[in-house]
Amino acid sequence: MDPTLLMAGSFVVLLLLGVPVAVSIGFAAVVTMASANMPMSYLVQTAYSAVDEFTIIAVPMFILAGTLMEKGGLTSRLIGFSRAIVGPAPGGLATVTIVACTFFAAISGSGPATTAAIGSIMIPAMIKDGYDKGFGAAITSSAGGIGVVIPPSIPMIIYGITSETSISALFVAGVVPGLMLAVALWMTSRFISVKRGYSSGGVNGRSLSHIRQAAWEAKWALAAPIIILGGIYTGVFTVTEASVVAVLYALLIGVFVYREIKLGLFFDAVVYAVRITGTVMLVLVTGRIIGRMLSMFQVPQMVSGYLIDAVSNPVLLILLVLLMLVFIGMWMETLTQIIILTPLLLPVVANVGIDPIQFGIIFVIACEIGYSTPPLGVNLFVAAEIGNTTVERVSKASIPFLCAEILVMVLVAFIPELTLWLPRLMGFIN
């Protein structure tokens, strides 16, 4: 039997049986290697090389930093500052949610973490103010996804490792698309809020003195993205070093300034980060094994050649790739699809002139959309749980926001300067 078909068949069967994705990938690799008479030592060597990279340290560190900032009081102060900026506007609390998620995205690097941190405060506030439960959860789910587009971003780190692309350049490239997503979600929520008559009773009047006071109270929280991203962009420290700086900063502010992090909360944050990191590492290891085997069997070249031969029009080819990314994102966990699909699709899009950095941002936006689409949209489940409503109700309310995000993804795919202008300006690419 063809090894590639055996690998794909084993993977699909195990998924249908309910076996975890990472285990399914690993077992499919072992079965394929056994059928091809490959030495099992190759499995161990590949697994070791997958995690033997300095850059990977950034993953658990950013996860821990985001958790510490949430538990240390930085999140609540960011929300207070966002309320002061928005003021009394139609759908004010929805706008506050989007602004707060955008700020927290520059700290966290995780979509579900952003959704949970901001949603735990804003979804109950919106429901109390008369917003529909589904709408409140949907806007939080969608805005929480910005956490993986605006740097720092864990999916960008994994894409950079998989595609051997500069992670710093990816971080810079994600700024403009991330802000575009925030604006698109705001415009959509504003239209719906005006149409449904959602008031701003939960938002105080906007004044310069109020904004100054809120900014002062949130000064340590607002300084976090400036220190983290500013250090990366100016070359003071690398992405990995920045993740450690983020953890130290969160600890210092949470323990000595806001004094909200106690020993128990610190251990809770560490346990959470370790648990999530373990899952990420397992997916990364098994995904790397599958990726190497696909390369050995020339699968990326075959897929690239088939798509290029089947679709001669570059515009149609790009649209087909976008459709594939959105569809697969509905069914596959984010890091898994990045590790598996990057070597398959990168040669295809490179053939029609899409830069690897541009494709990385497109891919991450598609992952962000996947966070809010059933059946495996993690943000949907988090927001629905917080809002005490059903995933079906949140999914239905998310449709307008998903359309807005897809529009931004299409613009990024067909206007390269949206992603490449800033990295080029800052000297990360030629």
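Here are four short exercises, with worked solutions, on the predicted model above.

**Exercise 1. The core**

Find which residues touch the most other members of the largest nonpolar core, then list the contacts of Leu325 beyond its neighbours within four places in sequence.

*Solution.* Start with the core itself: it has 145 residues. Ile157, Leu325 and Phe359 touch the most other members. Now pick Leu325 and skip anything within four places of it in sequence; what's left is Gln337, Leu341, Leu345, Phe359, Ile362, Phe363 and Ala366. Notice that Phe359 turns up in that contact list, and that Phe359 is also one of the residues touching the most core members. As background, nonpolar side chains tend to be buried together in soluble globular proteins.

**Exercise 2. Two helices**

Work out how α11 and α22 are oriented to each other, and what sort of residues make up their contact.

*Solution.* First, locate the helices: α11 covers residues 175-196 and α22 covers residues 417-425. Their axes lie 7 Å apart, at an angle of about 135°. Angles over 145 degrees would count as roughly antiparallel, and 65 to 115 as roughly perpendicular. This pair fits neither, so α11 and α22 are oblique to each other. Next, look at who meets whom: α11 brings Val175, Val176, Pro177 and Met180, while α22 brings Leu418, Thr419 and Leu422. Sorted by class, that contact has six nonpolar residues, one polar and no charged ones.

**Exercise 3. Bridges between distant parts of the chain**

Take the salt bridges Glu260–Arg77 and Arg393–Asp132 and say where in the chain each partner sits.

*Solution.* Begin with Glu260 and Arg77, whose side chains meet at 3.2 Å, N to O. Glu260 is in the loop between α14 (239-257) and α15 (263-296), Arg77 is in helix α5 (residues 74-86), and they're 183 residues apart. Then go to Arg393 and Asp132, at 2.6 Å, N to O. Here Arg393 belongs to helix α21 (residues 391-414) and Asp132 to the loop between α7 (111-128) and α8 (133-144), 261 residues apart.

**Exercise 4. Buried, partly exposed or exposed?**

Count the salt bridges, then classify Arg424 and Glu417 by accessibility.

*Solution.* The count comes to three salt bridges. One of them joins Arg424 and Glu417, at 3.0 Å, N to O. Now apply the cut-offs: buried is under 20% relative accessible area and exposed is over 50%. Arg424 has 34%, so Arg424 is partly exposed. Glu417 has 41%, so Glu417 is partly exposed as well.

Terms used: Residues numbered from 1 in each chain as written. Predicted model: local features only at pLDDT ≥ 70, side-chain atom pairs only at ≥ 80, totals over all residues. Heavy atoms only, no water. Core = buried A, V, L, I, M, F, W, Y, C linked by side-chain atoms within 4.5 Å. Buried < 20%, exposed > 50% of the residue type's maximum accessible area, 1.4 Å probe, protein only. Contact = heavy atoms within 4.5 Å. Axes fitted to C-alpha atoms, helices over the stretch in contact; angles between N-to-C directions. Helix = DSSP H or I, 4+ residues; strand = E, 2+ residues; numbered from the N terminus. Parallel < 35°, antiparallel > 145°, perpendicular 65-115°, else oblique. Nonpolar A, V, L, I, M, F, W, Y, C, P; charged D, E, K, R; others polar. Salt bridge = Lys/Arg side-chain N within 4 Å of Asp/Glu carboxyl O.
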